[in-house]
Amino acid sequence: MNRTVTIVGVVALVIGLLVGYLWWGTGTQRLEKQLTDARAATQAVERQLEAAQTEARSAAEKVKAVEERLAAVEADLARERAQRARQAGRGRK
């Protein structure tokens, strides 16, 4: 009887260790999956950031071009106003 109890105890211990090892492996797999998902999400966010930065640069270039064009138009307008003022001054005399 004593020998049967020892064998049952050893078998129970082995089964317990096996279940514990499998349970521990499941947690590790779950953590590895979470890490993979987090890395994929990080890469997606980085791609979105790069796209947004590229778009912002493009918009900044467009704004700069429009500002340059506006400055040129304002300069032309100032020249036109000055020329008209000179012509109007000549006609009054």
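How many Å apart are the mean positions of the positive and negative charges of the protein? The two mean positions lie 6 Å apart. They are taken over 16 positive and 11 negative charges. The structure is a predicted model, and the values below are computed from it.

The fold is simple to list. The secondary structure comes to one helix and zero strands. The radius of gyration is 40 Å, whereas the globule rule gives 12 Å for 93 residues. The computed value is well over the rule, so the protein is more spread out than a compact globule. The C-alpha trace gives the extents along the principal axes. These come to about 135 × 15 × 5 Å. Helix 1 covers residues 2–92. One pair of residues illustrates the spacing along the chain. Arg-47 and Ala-82 are 35 residues apart in sequence. Their C-alpha atoms are 52 Å apart in space. Arg-47 lies in helix 1. Its relative accessibility is 51%, and the cut-off for exposed is over 50%, so Arg-47 counts as exposed.

Burial and surface were considered next. Of the 93 residues, 1% count as buried. The accessible surface of the protein comes to about 8,900 Å². Carbon and sulfur atoms account for 62% of that surface. A nonpolar patch is found on the surface. Its members are Ile-7, Val-11, Ile-15 and Val-19. Together they have about 350 Å² of accessible area. Ile-15, one of the patch residues, lies in helix 1. Ile-15 has a relative accessibility of 48%. This value falls between the 20% and 50% cut-offs, so Ile-15 counts as partly exposed.

Charged side chains were then examined for pairing. In general, side chains of opposite charge can pair when their charged atoms come close. The count comes to three salt bridges in this model.

One salt bridge joins Asp-37 and Lys-33. The closest N and O atoms of this pair are 3.1 Å apart. A salt bridge requires a separation within 4 Å, so the pair qualifies. Both residues lie in helix 1. They are four residues apart, about one turn of the helix. Asp-37 is partly exposed, with a relative accessible area of 41%. Lys-33 is exposed, at 53%.

Another salt bridge links Arg-79 with Asp-76. Here the closest N and O atoms are 2.2 Å apart. Arg-79 and Asp-76 are both in helix 1, three residues apart. That spacing is again about one turn of the helix. Asp-76 has a relative accessible area of 43% and is partly exposed.

Arg-84 and Glu-80 form a further salt bridge. The closest N and O atoms of Arg-84 and Glu-80 are 3.1 Å apart. Both residues belong to helix 1 and are four residues apart, about one turn of the helix. Arg-84 is exposed, with a relative accessible area of 55%. Glu-80 is partly exposed, with a relative accessible area of 34%.

Conventions: Residues are numbered from 1 along each chain as its sequence is written. This is a predicted model: local features need pLDDT of at least 70, side-chain atom pairs count only at pLDDT 80 or more; totals for chains, interfaces and linings use all residues. Side-chain values use heavy atoms; hydrogens and water are left out. Helices (H or I, at least four residues) and strands (E, at least two) are DSSP runs, numbered from the N terminus. The radius of gyration is taken over C-alpha atoms; the globule rule is 2.2 Å times the number of residues to the power 0.38. Buried means under 20% relative accessible area, exposed over 50%, partly exposed in between (1.4 Å probe, protein chains only). Accessible areas come from the Shrake-Rupley method with a 1.4 Å probe; for residues, only the protein chains shown count as cover. Lys and Arg count as positive and Asp and Glu as negative; His and the chain ends are not counted. The place of a charge is taken as NZ of Lys, CZ of Arg, CG of Asp or CD of Glu. Patches are made of residues with over 30% relative accessible area and no salt bridge: like charges are joined within 9 Å, nonpolar side chains (Val, Leu, Ile, Met, Phe, Trp, Tyr) within 5 Å. A salt bridge is a side-chain nitrogen of Lys or Arg within 4 Å of a carboxyl oxygen of Asp or Glu.
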